[in-house]
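Here are a few exercises on interfaces, each with a worked solution. Grab the viewer and try each task before reading on.

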Number of protein chains: 2
Amino acid sequence: MDDALLIAMVGLPARGKTYIARRLSRYLSWRGHPTRIFNVGSYRRELVQGHQTQAWFSPDNVEARVIRLNLAMRALDDAFEYLRGDGSVAIYDATNTTRRRRDLVLQRCGEEGVPVLFLEVVCDDEAVVDDNILATKLEAPDYAGMERDAAARDFRARIEHYTRVYETIGDDDSSYVKLIDNGRKTVVNRVHGRVSERALRFLMVLSRVQKPVWLTRHGRSEYNDLDLLGGDPNLTDTGRGYARALAQHVKAHAPEGLQVWTSTLRRTIQTAEPLGYETFQFRRLDEIHAGICEGKSYAQVEAEMPEEYAARKRDKFRYRYPRGESYEELIERMDDVVLELEREHRPTLIIGHQAVLRVLYAYLMGTEREACPHLDIPLHTLLELSADLYELRESRVALG
Amino acid sequence: MDDALLIAMVGLPARGKTYIARRLSRYLSWRGHPTRIFNVGSYRRELVQGHQTQAWFSPDNVEARVIRLNLAMRALDDAFEYLRGDGSVAIYDATNTTRRRRDLVLQRCGEEGVPVLFLEVVCDDEAVVDDNILATKLEAPDYAGMERDAAARDFRARIEHYTRVYETIGDDDSSYVKLIDNGRKTVVNRVHGRVSERALRFLMVLSRVQKPVWLTRHGRSEYNDLDLLGGDPNLTDTGRGYARALAQHVKAHAPEGLQVWTSTLRRTIQTAEPLGYETFQFRRLDEIHAGICEGKSYAQVEAEMPEEYAARKRDKFRYRYPRGESYEELIERMDDVVLELEREHRPTLIIGHQAVLRVLYAYLMGTEREACPHLDIPLHTLLELSADLYELRESRVALG
């Protein structure tokens, strides 16, 4: 529980707390900090009979208030349980809109010896709040079978109840981040520690707008033909054929404003050529470095360096080629690429390499990081990834 | 002028604006954004006859006010001049404490097409302000020949004049960062763009406390004897002798709380062994990667790859070994190490490699980045670097 951290969300309903919690959870898990979200609303839906309409959320409803407090504490207890086990970060997804409630959270965390970072989401733009209600609340189980207008009215009344008692964080002794108006303004108070700082860095580039990311490996290279590792080979004729097919597909289907990123290695640059786009070459996108095994075949490695071959087989995620890299290190190298992707508001086509794309895919699709070395990213296949607020989508197009 | 940025400091005197400006300037220059500070106080001292006492800074002193405005505009004009030339970032080091003055800066920047980032330094802790006055102001040319108590009184009265008209930034349309109480709290508003974001990331770890950093290369290795590049060789007997001598010196002279960092390569780990410290191994501290030249001698490279040899000779800073790294890229790789050094409040001994230490040295001592490949960091020599508020110091100890 050395690195344990509780991130307690703060804010009125429909401000995007859950969206931010999910994005942050995915990112931190990918960085190697197992993270889980404890959403008090889910506890209510699971444990309280029937559907609750707005009156249930009124601060004047004494009976419901007791139940709500119990649910909140139950979620918090589960969060501690998680942190005592394998968990590193628990995101406590509740409104926590009163100072009193936050003091209770602080007190419980103090008892458990878990540091707290409050993450307040502030948005006073009614249009954005309305969008959030329409996009995420009306289809929720709470409003199953209810007419949309009535549901929206009910939800706005629920927000009203919270607004009456809402106190924004003003306590400068505690550790908090306030995200105001969707990235316009950020207030950072007493944020220390590696995990909090990483979370902060991500939050500062995170946008509500998610653009499609397309991933493809380079076309078939001379080394693919020879089954050799690494190097900087040229495309084969087949590989050039894929590059042309990719260009045709992009021409027909590319989202507007597409930008193209490649590595600095010939095979990705050559794959980009027929596109006719201005491309950005990132050294960070170069293939995993196989160190002293560069230019050798797997068969050669097995024959000449049986211990290395065996070590790699045992733990492909952590195995590092001598003077080369491991998948684990590759995630660290890809961190800047991921932050750059989040910072950009343009759809992006990344022409990369197998290991590099596995690592990016794991981030984009929320795959477990240890599974990276086993993800299937075949040659001559375009992966079109996109995301809604809460949903990740993938389609694979075989080309060439 | 593509990446041009004006960073305008804001804040009362003796809040540490100049210290922050200097640290930031050194960091941004090292990252490849040529940065210069335009300090209005220096313009006054150069252009206005005599020494000005506090009355000169009173808002009621109409004549002096005109002169002060002229000086401020003159410094600003020079900043634009710099940005039209080779400069990338101009730090405008003035108080800029009134909204009206900041509007003027915004207006001038608008005319010049230069984006502005306001950087406000807030500190209400009188003890810290007094420390700053004692540490930096009384020895300044303004008070040459004046008794210290009288000088301090005069300076406090000068601050009073600014306090009367001070308006903290509240304009949420502009781009600003507020640093409050020495890193406790940070407010970030509309900060966009690569240079601003880099500056921000640095500012968020920057501390007023500068701890000594000791740098040394590993002891003599088997590859040093053979004049070979890269690899992961062991220490020679001579190298082990240095490791023991280093341990003795550290035992006798190490600052309290020293931590020891090495790379992941054998020769630095072996050099750390006799110290008896717990050490942290950072892959980021591994030597510059010589790619396909690893394990070769310079003579071999010259003979077998004359074009590579010649290209490297032409531009040693930007030259990249095929499948390896350049010094320029090494700076990028060292960025996290530098931020980690700033974040840590402990003295640090880094046992590293020639190229890596050249790059760290350039940051720590403010050496021009293009000079990195030519810095002299000999074997068996300990570099003890330390810094005061405004002063960088180096001593070299030959050992073993």
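**Exercise 1. Work out how much area domain 1 and domain 2 of chain A bury between them, and which residues supply most on the domain 1 side.**

Step 1: the two domains bury about 1700 Å² between them, with 61% of it on carbon and sulfur atoms. Buried area here is the accessible area (1.4 Å probe) that two parts lose on being put together, summed over both.

Step 2: on the domain 1 side, A:Arg26, A:Trp30 and A:Val205 supply 45% of the area buried against domain 2, more than any other three residues.

Step 3: now place the domains. Domain 1 covers 5-205 and domain 2 covers 213-398 of chain A, bounds that come from an automatic or database domain assignment. Their centres, taken over C-alpha atoms, are 36 Å apart. The contact (heavy atoms within 4.5 Å) takes 15 residues from domain 1 and 19 residues from domain 2.

A word on ground rules: this is a predicted model, where local features need pLDDT of at least 70 and side-chain atom pairs count only at pLDDT 80 or more, while totals for chains, interfaces and linings use all residues. Residues are numbered from 1 along each chain as its sequence is written, chains are lettered from A and ligands numbered from 1 in the order in which they are written, and side-chain values use heavy atoms, leaving out hydrogens and water.

**Exercise 2. Find the polar links between the two domains of chain A, then say which helix gives the most to the domain 1 side.**

Step 1: count the salt bridges (a side-chain nitrogen of Lys or Arg within 4 Å of a carboxyl oxygen of Asp or Glu). The rule finds four across this domain interface. A salt bridge also joins the side chains of A:Arg201 and A:Asp336, at 3.1 Å from N to O.

Step 2: between the domains, nine residue pairs are in polar contact, both residues at pLDDT 80 or more. A polar contact is a pair of N or O atoms within 3.5 Å; within protein, one must be able to donate a hydrogen and the other to accept it, and residues adjacent in sequence count only if both atoms are side-chain atoms.

Step 3: helix 1 (17-30), helix 5 (126-137) and helix 7 (194-203) each supply at least two residues of the domain 1 side. Helix 1 gives the most, with eight residues. Helices (H or I, at least four residues) and strands (E, at least two) are DSSP runs, numbered from the N terminus.

**Exercise 3. Describe the contact between chain A and chain B.**

Step 1: each chain puts in 33 residues, and the buried area is about 2700 Å², of which carbon and sulfur atoms give 37%.

Step 2: in chain A, A:Arg184, A:Arg283 and A:Arg323 lose the most area to chain B, together 29% of what that side buries.

Step 3: there are 14 salt bridges between the chains. For B:Arg284 and A:Glu332, which form a salt bridge, the closest N and O atoms are 3.6 Å apart. The rule also finds 24 residue pairs in polar contact across this interface.

Step 4: strand 6 (185-189), helix 7 and helix 13 (327-343) of chain A each supply at least two residues to the side touching chain B. Strand 6 gives the most, with five residues.
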